[in-house]
Amino acid sequence: MGDAAKDLTAGTVGGAAQLIVGHPFDTIKVKLQSQPAPLPGQPPKYSGAMDAVKQTMVAEGPRGLYKGMGVPLATVAAFNAVLFTVRGQMEVLLRSEPGASLTVNQQMVCGAGAGVAVSILACPTELIKCRLQAQSALAGSAASSAAAKYGGPMDVAKHVIREAGVRGLFKGMVPTLAREVPGNAVLFGVYEALKQYFAGGTDTSGLGRWPLMVAGGLGGASFWLSVYPTDVVKSVIQVDDYKNPKYSGSVNALRKIAAAEGIKGLYRGFGPAMARSVPANAACFLAYEMTRSSLG
């Protein structure tokens, strides 16, 4: 099996582990991000992450925490295969000789390149996921009084294509790129730096499970610390109405959120995102490294 095929296989396994562990946290994050700003004197729909969990459990049961998981689960193979395969191929291009270790800066370049590639898959996938996750948060608000109620991922895709064509599935591409490119550069840079720290040098092949999990978890946390406001902008644009949009673009969304809610508004759902990132990325990178190692 070639290196690209090994990266593809290991990335698929890692992505599945990441999704299973992290999706409930992601659902709460999107609900908090996409809830409409409350009217003056009125409380928000969700007072915080735990309140969002409680309301979701009461209204939809445990299944509500996994709403929108069908699309990411169906595409996780492609998403993570692209991420790790492109990163692996960029490593080959940057190596001075076969088998040579890369510097942390070179790993960041590899991560940025992989971020460009995965954005093409991430944008339509997350648009469908976000619209499914957010519809209960938006229910009953003036912003969504005419919004369609979706029966599932394919129903979302049909509605979007009917309203805006195939191009509508790529709404939010700019903030997706602005999240994935720098975010993955930071993620893989921190991951490699911590691996080298734990290994005491550039040879990290002998690291055990716990160092890999810590490096992966902290790498994932660094991803969100570096790009979180961009993710908020992406979410509100992707759940925005096509016919009567509230936001004209990424910069407009950023300004309106900051004007209405201050900097705090750009960090809605930050707690669940950080709570998700550590265990989900720890599981992802451990699964990736173990699978990659078992393949030789």
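**Exercise 1. Work out which secondary structure elements the chain has and in what order they run.**

Start by counting: the protein chain has nine helices and zero strands. This is a predicted model, by the way. Next, read from the N terminus on, and the elements go α-α-α-α-α-α-α-α-α.

**Exercise 2. Check the overall dimensions of the protein chain against a compact globule.**

First get the extents: along its principal axes, the C-alpha trace spans about 60 × 35 × 35 Å. Then turn to the radius of gyration. A compact globule of 296 residues would come out near 19 Å, and the protein chain has 19 Å, so the two agree.

**Exercise 3. Find the UniProt repeats and describe the stretch 207-294.**

Look at the record first: an unreviewed UniProt entry lists "repeat: Solcar" for residues 2-93, 102-197 and 207-294. Now take residues 207-294 in the model. That stretch is 76% helix and 0% strand, and its end C-alpha atoms sit 14 Å apart.

**Exercise 4. Describe how helix 7 packs against helix 9.**

Step one is geometry. Helix 7 covers residues 209-238, and its axis comes within 7 Å of the helix 9 axis, crossing at roughly 140°. Angles over 145 degrees would count as roughly antiparallel, so helix 7 is oblique to helix 9. Step two is handedness: helix 7 passes helix 9 in a right-handed crossing.

Step three is the contact itself. On the helix 7 side you'll find, among others, Gly-216, Gly-217, Gly-220 and Trp-224. Helix 9 brings residues including Ser-277, Asn-281, Phe-285 and Glu-289. Sort the contact residues of this pair and you get 14 nonpolar, five polar and three charged.

**Exercise 5. Do the same for helix 6 and helix 9.**

Geometry again: helix 6 (residues 173-199) and helix 9 (residues 270-294) pack at about 65°, with axes 13 Å apart. The two are therefore roughly perpendicular to each other. As for handedness, helix 6 passes helix 9 in a right-handed crossing.

Now the residues. Helix 6 contributes Leu-187, Phe-188, Tyr-191 and Lys-195, while helix 9 supplies Asn-281, Phe-285 and Glu-289. By class, that contact holds four nonpolar, one polar and two charged residues.

To finish, compare the two contact lists: Asn-281, Phe-285 and Glu-289 of helix 9 meet helix 6, and these residues also appear in the contact with helix 7.

Notes:
Residues numbered from 1 in each chain as written. Predicted model: local features only at pLDDT ≥ 70, side-chain atom pairs only at ≥ 80, totals over all residues. Heavy atoms only, no water. Axes fitted to C-alpha atoms, helices over the stretch in contact; angles between N-to-C directions. Helix = DSSP H or I, 4+ residues; strand = E, 2+ residues; numbered from the N terminus. Parallel < 35°, antiparallel > 145°, perpendicular 65-115°, else oblique. Left-handed = near helix turned anticlockwise from the far one by under 90°. Contact = heavy atoms within 4.5 Å. Nonpolar A, V, L, I, M, F, W, Y, C, P; charged D, E, K, R; others polar. UniProt positions renumbered as here; feature names shortened; annotations may be inferred. Rg over C-alpha atoms; globule rule 2.2 N^0.38 Å.
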